[in-house]
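Trainee: I'm new to this one and would like a close look at a single part of it. Could you pick a helix and walk me through what surrounds it?

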Amino acid sequence: MNTGDRVRVERDGLVNEGVLLPSSTSEHLVVKLDSGYNVGIEREGASTEVLESDVYAVDSNAGEEAGAGSEVEFDDDLPTIALISTGGTIASTVDYRTGAVTAQFDAEDVLRAVPDLAGRANYRGRVVANILSENMDPSIWRELAAAVHEEIENGADGVVVMHGTDTMQYSASVLSFMLDTPVPVVFTGSQRSADRPSSDNVMNAVCAVEAAKSDVAEVMVCMHATQSDDRCALHRGTRVRKGHTSRRDAFETVGGSPIGHVDYESERVEFDDAADLAARNETDLDIAPALEPDVELVTFTPGMDPAFFEVLEGAAGVVVAGTGLGHVHSDLVDVLGDLVDDGTTVVMTSQCLGGRVCDRVYDTGRDLLEAGVVEGEDLLPGTAKAKLMWALANTDSPEEAMRTPLAGELSERSVPEA
């Protein structure tokens, strides 16, 4: 029995039939079912029958070589794209001991997993982290920004960051403030792991590389634009939000339209002419890597106990996602004022998905302004947290910086939809 054989495996009365794949453990058999899904089966107690030999060409060393370096031929006529891995579903495999998806591939493993990337560019791969994205934190953001800066400094014509989707909007946002980049920096990920027939990893990776070769030097997120495998949307890093737990087109630009699209079949990259976009080599490479980690994002809800804010005493910064135009219960106004008086920068944003904070309309808003709370304009709450962390560490007046457009995070005005 060899990898590539079609087998029937029976264990505990359950029969699975499919192609035998390499396994990362000696205790499990891995079978690709006709549905396209992979299943792991404990060898002990299993009976196996070979139905047909060598029906599928499988690299039997793939499991053993995971993590090892791979050779990528260099072509002088192709641009060089740096692939930086932080983990996530796009660089994940199945742990057949638990049945869970785990992040364990490095960037060069992605090249082996996505052969469609071959011939599009020269690649340099490096791993900054190997985590599920919910474990992302400011220390890794600093490492990631430094890695992107170093790759560009060393001649990369573009950078693709492979990242888990759950917190990708935060990472794209914070790097938008930390970096001045002369080349595209493109975040991408996958909603569904590579072992699933509906995986979006190949198209997202291919479109991200094409975007990284483009002439627009922005930090952006490249993910499926629709449920179909037709094109990817390019979202500005400071205006993007994950809006669905599992759909392939989960990401959206809030308060506007994507800055561009990549057609998967034609490989054509098109940007919105109306968007104010930085051109390739228009900006000098620079990095401001300092971050103030002691910043919290709090969502106000009706009936919230004012004592909840006691845990925020002494924090460097607090972002509040308020209701409507930027409101909280009137009993919280003095609580937020006390935080400001103690040296905490408090920024008000809105839970609404569109529009601008305006605390000059109602009494509560005016009271918040008098208490020293900073209006967050039309900043997304997550972007506001990322920006405040950066502003507290890099500017003399964080309050003024929060009201100043720096990376496309603020619009000059909000126009109601017709």
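**A close look at helix H4**

Mentor: Let's start with the residues themselves. In helix H4, the buried ones are Met 168, Gln 169, Ser 171, Ala 172, Ser 173, Val 174, Leu 175, Ser 176, Phe 177 and Met 178. That makes 10 of the 11 residues of H4 (residues 168-178), so the helix is largely enclosed by the rest of the structure. Keep in mind that this is a predicted model.

So what sits against the helix? A handy way in is Phe 187. Leaving aside neighbours within four places in sequence, Phe 187 is in contact with Met 168, Ser 171, Ala 172 and Leu 175, among others. You just met those four in the list of buried H4 residues. Phe 187 also touches Leu 144, Val 161 and His 163, and its contacts include a run further along the chain: Val 219, Met 220, Val 221 and Cys 222.

Now zoom out a little. Leu 175 and Phe 187 both belong to the largest nonpolar core, which has 48 residues; together with Val 148, they touch the most other members. The largest share of this core comes from another helix, H3 (residues 138-153), which supplies seven residues. A further core, of 25 residues, lies apart from this one, and its members include Met 203, Ala 205, Ile 259 and Leu 277.

How does that fit into the whole chain? There are nine helices and 23 strands, and of the 418 residues, 48% count as buried. Contacts that span a lot of sequence are a big part of the picture: among those between residues at least 6 apart, 68% join residues at least 24 apart. On the outside, the chain exposes about 19100 Å², with carbon and sulfur atoms supplying 43% of that area.

For something other than a helix, look at the open sheet of four strands, ordered E20-E21-E22-E23 with parallel pairing. Its edge strands, E20 (295-299) and E23 (374-375), each pair on one side only. E20 is joined to E21 (residues 317-322) by five bridges, and there you can find Val 295 standing opposite Gly 317.

One last thing to check is the confidence. The chain averages a pLDDT of 86, and 85% of the residues score at least 70. Over residues 58-71, though, the pLDDT is below 50, and this stretch has 25 contacts in the model beyond near neighbours in sequence.

Conventions
Residues are numbered from 1 along each chain as its sequence is written. This is a predicted model: local features need pLDDT of at least 70, side-chain atom pairs count only at pLDDT 80 or more; totals for chains, interfaces and linings use all residues. Side-chain values use heavy atoms; hydrogens and water are left out. Helices (H or I, at least four residues) and strands (E, at least two) are DSSP runs, numbered from the N terminus. Buried means under 20% relative accessible area, exposed over 50%, partly exposed in between (1.4 Å probe, protein chains only). Contact means heavy atoms within 4.5 Å. Accessible areas come from the Shrake-Rupley method with a 1.4 Å probe; for residues, only the protein chains shown count as cover. A nonpolar core is a set of buried Ala, Val, Leu, Ile, Met, Phe, Trp, Tyr and Cys residues joined through side-chain atoms within 4.5 Å. Two strands pair if DSSP finds at least two bridges between them. pLDDT is the predictor's confidence in each residue, from 0 to 100.
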